[in-house]
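Trainee: Could you take me through one part of this protein in detail? I would like to see how a single element sits among its neighbours.

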Amino acid sequence: MQLLEERILRDGKVYPGNVLKVSGFLNHLIDEHLLDEIGKEISARFCEQNVTKIMTIEASGIAIACAAAHYMHTPVLFAKKSKTANVSADCYSADVVSYTHNNTSTVIVDKEFLLPEDRVLIVDDFLANGAAIRGLRSLIEQAGATLVGCAIAIEKGFQKGGEELRAEGVRIESLAIVESMTDDSLTFRHQN
């Protein structure tokens, strides 16, 4: 998605350790116009999949998931990273290792909200090593629901997550794929 790539080049910040900071427009301070265009693009790519739920992990993917849900006319379900008093004891759970936070979270979804008949689209801001998608896929499998694919704003193509998930048969649609990144520059993978 050219608009997203241009914004990453203009306002993204590359930090040592393969960290791409887009918090000034995508996942902390959010550019609503860009978010709306991302939602339209995700909807266009998955409109034929009869999606009944869009799923993400709190918190960075929620805005993107909501933008897609607006155009797909479907609810957003996000996996919580901690159990709160308002979550039922009857939950699906999976462990997810966070590359950015350098920790492991047990993510949970109330069984009431993820059903066997659901056709689920995973939406997230980043795909690097694939841990978040694998965790969400585990929740979907526990429910007996169907994973129709994953829509990712930014994929780090130089890390193995996307390649491994595609090899496992998961449909991954990334709007921007960073092919390589150094401490002061990045290049994008050409996509059809």
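Mentor: Happily; here is a close look at helix 1, followed by its neighbour helix 2 and the protein as a whole. Please keep in mind that this is a predicted model.

Helix 1 spans residues 2-11, and its buried residues are Leu4, Glu5, Arg7 and Ile8. Viewed down the helix axis, these buried residues fall within an arc of 165°, so they line one face of helix 1. The general geometry fits: an α-helix has 3.6 residues a turn, so residues three or four places apart point the same way. On the face turned away from the buried side of helix 1 you will find the exposed residues Gln2, Leu9 and Arg10. As for what covers the buried residues, the list includes strand 2 (19-21), helix 2 (32-46), strand 8 (146-156), strand 9 (172-182) and strand 10 (185-188).

Helix 2 deserves a look of its own. It has 15 residues and reaches 21 Å from its first C-alpha to its last, close to the 21 Å expected. At its N-terminal end, Asp31 acts as a cap, with a side-chain oxygen 2.9 Å from the backbone nitrogen of His33. Among the buried residues of helix 2 are Leu34, Leu35, Ile38, Ile42 and Phe46. The buried residues of helix 2 pack against helix 1, helix 3 (62-72), strand 7 (119-127), strand 8 and strand 9.

Stepping back, the protein has 5 helices and 10 strands. Its radius of gyration is 16 Å, close to the 16 Å that the globule rule gives for 192 residues, so the protein is as compact as a globular protein of that length. Buried residues make up 48% of the 192 residues.

Notes
Residues numbered from 1 in each chain as written. Predicted model: local features only at pLDDT ≥ 70, side-chain atom pairs only at ≥ 80, totals over all residues. Heavy atoms only, no water. Buried < 20%, exposed > 50% of the residue type's maximum accessible area, 1.4 Å probe, protein only. Helix = DSSP H or I, 4+ residues; strand = E, 2+ residues; numbered from the N terminus. Arc of directions from axis to C-beta. Contact = heavy atoms within 4.5 Å. Expected span 1.5 Å × (residues − 1). Polar contact = N/O pair within 3.5 Å; in protein donor to acceptor, adjacent residues only side chain to side chain. Rg over C-alpha atoms; globule rule 2.2 N^0.38 Å.
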